[in-house]
Amino acid sequence: MTTAIIGGGVIGLNTAWSLTRRGEDVIVLEGGRIGSSASGVNAGWVTPSLSTPLASPGIVATGIRHMFDKDGALTIRPRPDTAWIKWLWNFSRAARPAAYERGVKALLNLNEHTLDLFDQLHEDGVEFEMQKAGILALALQPGGLGWFRQLFDQLTPMGFKGTIEYLTPAEARAMDPAVGPDIQEAAHTLIDRFVDPDALLTGLVTRLTELGVKVHEDRPVSSMSRSGSKWTLHTQQGPVEADNVVVALGAAANRLLSSVKVKLPIIGAKGYSVDLKGSGVPPRHALYLMEAKLGLSPLEKGVRIAGFFELPGSGNDVPQRRITQLIEQTRPYMGGWSPESANITTGRGGLRPSTPDSLPFIGPVPSQEGLYVAAGHGMLGVTLAPATAAGLTSMIVDRVIPEHILPFQLAGRI
Ligand SMILES: Cc1cc2nc3c(=O)[nH]c(=O)nc-3n(C[C@H](O)[C@H](O)[C@H](O)COP(=O)(O)OP(=O)(O)OC[C@H]3O[C@@H](n4cnc5c(N)ncnc54)[C@H](O)[C@@H]3O)c2cc1C
């Protein structure tokens, strides 16, 4: 059986790897260059600790407060578009306490084996940088760790296995000399990791190629159709036939799914990142800057600063103003390392494929034999990619939808 994976982002490539390891014949069709989408731009956090829905009690009020602040960390922009208004309405409903709690549990279950699955990639020879020092959350204001504390208080009774250490500012500085003198509160999560997102993609492509999988770049699929037991994917270079198809197109999923008359509530939320060397000794941990809502990942190639959530987002443009903000808003948190902005050429932007309830779609398209979707992973695509891939592999190879994947089905949500 041949499975065509459409989309060479972190979801598509993990799925290709997982299926290949189970003996499936796989082909990957990527419309552009691998790494140019959100999958290359992100902070690379593998974070079971922060795997909770964005749609949470209180978020709507925060969004409305910042609606017209084009420089805010979270911006929700009004737009006279029915799909967007419906998305926002469903987002506000998903933020109600009972729905939020259901979402937290679903993500907790999906993440149950995430760390093992990342280790399996390494064990199989997928080469990429992965660091296990955890996340250090830093607040400039007394009480600034507020929601972080609440989150752990909530997750632990639900069975979350991660631990958190609360640190005095002096302890945080001793642990990581990059932490600055103005920090008032700090906490260290031990379970979380981070990867170099570009290296993860490159490592997967290299391993897939070794395993005999053809990964085609610059091969956009414009439409698809089914005749008999086969799918035909239409590309400029000619048709591609497959028994099964996985649409792993992130925020672009609907463009292709329209050819089978399916529309998912996925909207792009734009974020940005920049890599820089800076001066001094780089952080030893991933840092979460509480008030600025930015994430820092000290990668071997430089420190990546990532953040901002612009809803709805579009396009590939990267306003210099946003990159400058990433750097300037980092500065107040820093001590032994400074994010010097000289020679910055690597500012990038990407669209997080966001669903109203912050849960991805992972499963078969109803009434379309052999067609599957894996899209809508929002802020958590890197974290959830191996678990998504394993779930799809069970569905495609074993013909079983595992119980923990049920909340992510399309049926009943579209
Ligand atoms: C600033 C920022 C920080 C983030 N930080 C984190 C983090 O720390 N941890 C985490 O877990 N997640 C993080 N995320 C989220 C994560 O990056 C996304 O959830 C994830 O990359 C989505 O992956 P994807 O493969 O679904 O989509 P994409 O990365 O968008 O990949 C889809 C691919 O499909 C291709 N494509 C589009 N149309 C076609 C077509 N017609 N035919 C063929 N191919 C096509 C695109 O070129 C693209 O390569 C962050 C995102 C951003 C923007």
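Let me start with the packing of α1 (10-21) against helix α9 (residues 197-210), where the two axes lie 10 Å apart and the angle between them is about 30 degrees; here helices (H or I, at least four residues) and strands (E, at least two) are DSSP runs, numbered from the N terminus, while axes are lines fitted to C-alpha atoms, for helices over the stretch in contact, and angles run from 0 to 180 degrees between N-to-C directions. That angle makes α1 roughly parallel to α9, given that angles under 35 degrees count as roughly parallel, over 145 as roughly antiparallel, 65 to 115 as roughly perpendicular and the rest as oblique.

I should say at once that this is a predicted model, in which local features need pLDDT of at least 70 and side-chain atom pairs count only at pLDDT 80 or more, whereas totals for chains, interfaces and linings use all residues. Residues are numbered from 1 along each chain as its sequence is written.

The crossing of α1 and α9 is left-handed, which is the term when the near helix is turned anticlockwise from the far one by less than a right angle, with right-handed used if it is clockwise. On the α1 side, Val 10, Leu 13, Asn 14, Ala 16, Trp 17 and Thr 20 meet residues of α9 that include Leu 200, Leu 204 and Leu 208, two residues being in contact if their C-beta atoms, placed from the backbone, lie within 7 Å. By class, this contact of α1 with α9 has nine nonpolar residues, two polar and one charged, where Ala, Val, Leu, Ile, Met, Phe, Trp, Tyr, Cys and Pro count as nonpolar, Asp, Glu, Lys and Arg as charged, and the others, Gly among them, as polar.

How, then, does α1 pass α12 (381-398)? The crossing is right-handed, and the two axes come within 8 Å and cross at roughly 40 degrees, which makes α1 oblique to α12. Among the α1 residues that meet α12 are Val 10, Asn 14 and Trp 17, and their partners in α12 include Gly 381, Ala 385 and Leu 392. That contact has twelve nonpolar, six polar and no charged residues.

Turning to the ligand, 43 residues surround it, and Gly 9, Gly 31, Gly 250, Gly 271 and Gly 381 come nearest, a residue being near a molecule or strand if its C-beta atom, placed from the backbone, lies within 6 Å of it. Elements giving two or more residues to this shell include α1, β15 (267-276) and α12. The shell has 22 nonpolar, 19 polar and two charged residues, and at least three residues come from each of domain 1 (2-43 + 80-112 + 197-265 + 357-408) and domain 2 (130-193 + 268-354), with the bounds taken from an automatic or database domain assignment.

The C-alpha centres of these two domains lie 27 Å apart, and their contact takes 17 residues from domain 1 and 17 residues from domain 2. On the domain 1 side, the largest share, three residues, comes from α5.

Finally, two backbone details. Most residues other than glycine have a negative phi, and most peptide bonds are trans. Lys 261, however, has a positive phi near 60 degrees, and is placed in the loop between α10 (253-257) and β15. The peptide bond from Leu 311 to Pro 312 is cis, with omega near -10 degrees, and Pro 312 sits in the loop between β19 (302-311) and α11 (320-330).
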